[in-house]
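Dear colleague,

I am handing over a structure that you have not worked with before, and my notes on it follow below. Please have the sequence and the structure open while you read.

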Amino acid sequence: MLFNIFEEELTLMKRKFMNMLSKKEIMFCYQYVKTGNSKEAAINSGYVTSPEKMGEELLAKKEISDTIEKFFQKKKKDLIYKATIGYERLAFGSISDCIKLLFSENFNLKELSKMDLFNISEIKKPKDGAMEIKFFDRIKALEKLEQIDSNHTNEKMPFYLALENSVDSINNEKNVNLEE
């Protein structure tokens with residue numbers, strides 16, 4: 001997924017900067033975001049002579065650091081998206097395949113590989129032959145989804161939210177005074 005983002009970003013950058021950065025430099029940015037290590041990123045990008053020094057020099061360039069920041073932001077959005085999808089699957093996913101697994105006496109590996117067992121956190125088969133299946137907590141998944149959503153909302157409109165909270169607090173004070 002990150003490589004697709006890299007390809008898209010490469011195309012956009014070619015149009016935007018008109019070869020301001022070379023392919024090798026853009027690859028360095030991508031590799032740096034991937035590894036977090038300037039020497040390793042330089043080696044993976046094809047800088048063979050003194051990669052540690054080259055990595056440090058590349059990081060000092062403003063165009064390189066701006067490109068790395070763009071890649072980091074895209075990676076962060078991608079990770080948030082993946083986490084959201086995972087929590088949605090945990091909160092709203094079906095457990096029908098898990099029930100099939102629980103009640104089936106004979107199943108083969110082909111059937112098992114086709115089952116959606118994402119919601120299972122633990123499977124135990126004690127000596128008596130019974131099977132225990134524990135699921136991830138749906139309420140916790142919903143709480144995490146709410147947390148992700150509130151973080152996303154708070155980032156976009158902090159001033160608006162502060163204003164809204166002020167109005168709510170004023171209204172609450174008026175209601176309390178009226179009751180007294």
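To begin with one residue: is F103 buried or exposed? The model is a predicted one, and in it F103 counts as exposed, because its relative accessibility is 64%, where exposed means over 50%. F103 has its place in helix 6, and together with I95, I99, L102 and F135 it makes a nonpolar surface patch of about 430 Å². Helix 6, which covers residues 96-103, gives the most to that patch, with three residues.

Helix 5 deserves a longer look. This helix runs over residues 62-92, has 31 residues, and reaches 45 Å from its first C-alpha to its last, which is close to the 45 Å expected at 1.5 Å a residue. Among its buried residues are I64, T67, I68, F71 and L90, and the list also includes D78 and A91.

A91 is buried, with a relative accessible area of 6%. If its neighbours within four places in sequence are left aside, A91 is in contact with R138, A141, L142 and L145. For one of these pairs, A91 and L142, the C-alpha atoms are 5.9 Å apart in space, although the two residues are 51 residues apart in sequence.

I64 of helix 5, buried as listed above, also appears among the contacts of E25, a residue found in helix 2 (residues 23-35). Not counting residues up to four places away in sequence, E25 touches M20, Y47, L58, K61 and I64. E25 is itself buried, with a relative accessible area of 12%, a value to set against the cut-off of under 20%.

Turning to charged pairs, the count comes to seven salt bridges, and I describe three of them here. Side chains of opposite charge can pair when their charged atoms come close.

In helix 5, the side chains of K82 and D78 meet in a salt bridge, at 3.7 Å from N to O. K82 and D78 are separated by about one helical turn, because they are four residues apart in that helix. The two partners differ in their cover, since D78 is buried at a relative accessible area of 11%, whereas K82 counts as partly exposed at 47%.

A second pair, K53 and E57, has a salt bridge of 4.0 Å, again given from N to O. K53 and E57 lie four residues apart in helix 4, so about one helical turn separates them as well. Here K53 is exposed, with a relative accessible area of 53%, and E57 is partly exposed, with 39%.

The third pair joins the side chains of D116 and R89, with 2.9 Å between N and O. D116 lies in the loop between helix 7 (109-114) and strand 1 (120-124), while R89 is in helix 5, so this pair ties together parts that are 27 residues apart in sequence. Both residues are partly exposed, D116 with a relative accessible area of 34% and R89 at 37%.

Finally, please look at S50, which lies in the loop between helix 3 (38-44) and helix 4 (51-60). Its phi is near 40 degrees, a positive value in a residue other than glycine. S50 is partly exposed, with a relative accessible area of 44%.

With kind regards

Terms used: Residues are numbered from 1 along each chain as its sequence is written. This is a predicted model: local features need pLDDT of at least 70, side-chain atom pairs count only at pLDDT 80 or more; totals for chains, interfaces and linings use all residues. Side-chain values use heavy atoms; hydrogens and water are left out. Helices (H or I, at least four residues) and strands (E, at least two) are DSSP runs, numbered from the N terminus. The expected span of a helix is 1.5 Å times one less than its number of residues. Buried means under 20% relative accessible area, exposed over 50%, partly exposed in between (1.4 Å probe, protein chains only). Patches are made of residues with over 30% relative accessible area and no salt bridge: like charges are joined within 9 Å, nonpolar side chains (Val, Leu, Ile, Met, Phe, Trp, Tyr) within 5 Å. Accessible areas come from the Shrake-Rupley method with a 1.4 Å probe; for residues, only the protein chains shown count as cover. Contact means heavy atoms within 4.5 Å.
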